[in-house]
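Please examine the structure shown below together with its sequence. The paragraphs that follow move from charged pairs to pockets, and then to the backbone and the surface.

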Amino acid sequence: MTSTPDLTTILLAVVAVIAVIVVAYLMVRAVRRRGQSGPAVPPTPTVSEAPETPEAEPERGPEEARGPPETQLETPVEAPEVPELERPEPAATRMQRLRARLARSGGIGNALLAVLSRGELKEADWEEIEDTLLVADVGLPAVEEIMAGLRTEMKVRGSVDPTEARQVLREQLLALVDPTMDRSLHLDRAGEDPAAILVVGVNGTGKTTTVGKMARLLRAEDKTVLLGAADTFRAAAAEQLTTWGDRVGVQVVRSDREGADPAAVAFEAVGRAKAEDLDVVLVDTAGRLQNKATLMDELGKVKRVMEKQAPVSEVLLVLDATTGQNGLRQAQVFAEAVGITGIVLTKLDGSAKGGIVISVQRELGVPVKLVGLGEGPDDLAPFDPDAFVDAILGQD
């Protein structure tokens, strides 16, 4: 006979089934929630996890970034130091100082006066005078003229004392130096055009330095000046010219490329001086050997290109006084190439070669306009024939 389950057992079985169903329902629901939206509470980040990046702040202007004015600490900005410009020495006082320096160098005067003061001169004395003049690079034609004049005067006067001898020699030398030649720099402007000056010469004569000294001389006369660095084959030449210009407040037109066309630099320099209404533009050129035809042709091109902007009022040849008759040959070639209008004679101090003044003027009919006596920045002065002759004769 089969037994019937009691009521307690049936109730327990029903409760167990219901519990299983409830647990299963809750588990299914939890899985669905995780699949749709993830966990309800985000986990706390660990040390290795980066915190959430905050939202970028909007950009603030300079005033907002520095904060309120009352809390701002500003660092004072120092104004750039402006170098004080030099004041060049006036032209009027230069020759006085340079004249004394030339007189101390001796030159040809003392040697000639020593012979002329001997009294009645013998033929050996005349030969000594002639040799002294030739060594001083006076040049043979000028020496012959001086000798003829001295012989005539000495015959008329007979024996002479040192004072008379000095006077006779002074007259002869002054006549050959020729005080009637126009030695002024032609700086008059042609309308709105600046006075354009081209400076030429061989290597080693001090050409770039002379251009810098000329700028100082012109600034001492209150001229407005521009420099053109048309020596494009030496980077040092442009740097040197810039240094000279900076000292007296003069700008320099130069090329950044070594070996650039010098005519282009010269053209730009004259054009800028014209545009800025300046008084004078000085153009420096590369030193060149007088026996190189291509280089001399290039110099002619520089001058022609400059003249497209403004008339070239001066072409100055820089000569080294110590080169003597070789310098005379240089002058002849440059005169043929570009038409020299004046000579700048450098390195005359401490030299007995002052006779080059006489020979170069006689040969070319071109005056010495400026002389350099020393290495100082203002050791360049207008040439004064009377002061020059007195200096080489030892007269202060």
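Which side chains meet in a salt bridge at 3.4 Å, N to O, with Arg234 as one partner? The model under discussion is predicted, and in it the side chain of Arg234 meets that of Asp231. The two partners differ in their surroundings: Arg234 is partly exposed, because its relative accessibility of 38% lies between the limits of 20% and 50%. Asp231, by contrast, has a relative accessible area of 5% and is therefore buried.

Arg234 also leads to a pocket. Together with Asn203, Gly204, Lys207 and Thr208, Arg234 is among the residues nearest the centre of the second largest pocket. In total, 13 residues line this pocket, and the space within is about 160 Å³. Helix 8 supplies the largest share of the lining, with 3 residues. By character, the lining of the second largest pocket consists of 8 polar, 3 charged and 2 nonpolar residues.

Helix 8, which spans residues 207-220, likewise gives the largest share of the lining of the largest pocket, again 3 residues. The largest pocket holds about 190 Å³ of space. Its lining comprises 14 residues, and those nearest the centre are Lys213, Thr346, Lys347, Gly374 and Glu375. Of the lining residues, 7 are polar, 5 are charged and 2 are nonpolar.

Lys347 brings the account back to charged pairs. Its side chain forms a salt bridge with that of Asp320, at 3.4 Å from N to O. This pair connects distant parts of the chain, 27 residues apart: Lys347 belongs to the loop between strand 6 (342-346) and helix 13 (356-364), whereas Asp320 belongs to strand 5 (residues 312-320). Lys347 counts as partly exposed because its relative accessibility is 35%, while Asp320, at 8%, counts as buried. Elsewhere, salt bridges with shared partners unite Glu86, Arg216, Arg247 and Asp378 in one network.

How many salt bridges does a search of the whole structure find? The search returns 18. One further pair is Asp390 and Arg170, whose side chains meet at 2.6 Å, N to O. The two residues stand 220 positions apart and link distant parts of the chain, with Asp390 in helix 14 (residues 385-392) and Arg170 in helix 7. Both Asp390 and Arg170 are buried.

The backbone deserves attention at two aspartates. Asp178 has a phi near 65°, a positive value in a residue other than glycine. Asp178 is located in the loop between helix 7 (162-177) and strand 1 (195-200), and with 24% relative accessibility it counts as partly exposed. Asp277 also has a positive phi, near 60°. The loop that holds Asp277 runs between helix 10 (262-275) and strand 4 (280-285).

Finally, which residues make a nonpolar surface patch of about 250 Å²? The patch is formed by Ile10, Val14 and Ile18. Ile10 is part of helix 1, which covers residues 7-37. A relative accessible area of 42% places Ile10 in the partly exposed class. This value is also over 30%, so Ile10 passes the accessibility cut-off for patch residues.

Methods. Residues are numbered from 1 along each chain as its sequence is written. This is a predicted model: local features need pLDDT of at least 70, side-chain atom pairs count only at pLDDT 80 or more; totals for chains, interfaces and linings use all residues. Side-chain values use heavy atoms; hydrogens and water are left out. Patches are made of residues with over 30% relative accessible area and no salt bridge: like charges are joined within 9 Å, nonpolar side chains (Val, Leu, Ile, Met, Phe, Trp, Tyr) within 5 Å. Accessible areas come from the Shrake-Rupley method with a 1.4 Å probe; for residues, only the protein chains shown count as cover. A salt bridge is a side-chain nitrogen of Lys or Arg within 4 Å of a carboxyl oxygen of Asp or Glu. Helices (H or I, at least four residues) and strands (E, at least two) are DSSP runs, numbered from the N terminus. Buried means under 20% relative accessible area, exposed over 50%, partly exposed in between (1.4 Å probe, protein chains only). On a 1 Å grid over the protein atoms alone, a cavity is a set of points where a 1.4 Å probe fits but cannot get out, and a pocket is an open set with protein on both sides within 12 Å along at least five of seven lines; lining residues have an atom within 4 Å of a point. Grid points are joined across faces, edges and corners, and a volume is the space filled by probe spheres set on the points. Ala, Val, Leu, Ile, Met, Phe, Trp, Tyr, Cys and Pro count as nonpolar, Asp, Glu, Lys and Arg as charged, and the others, Gly among them, as polar.
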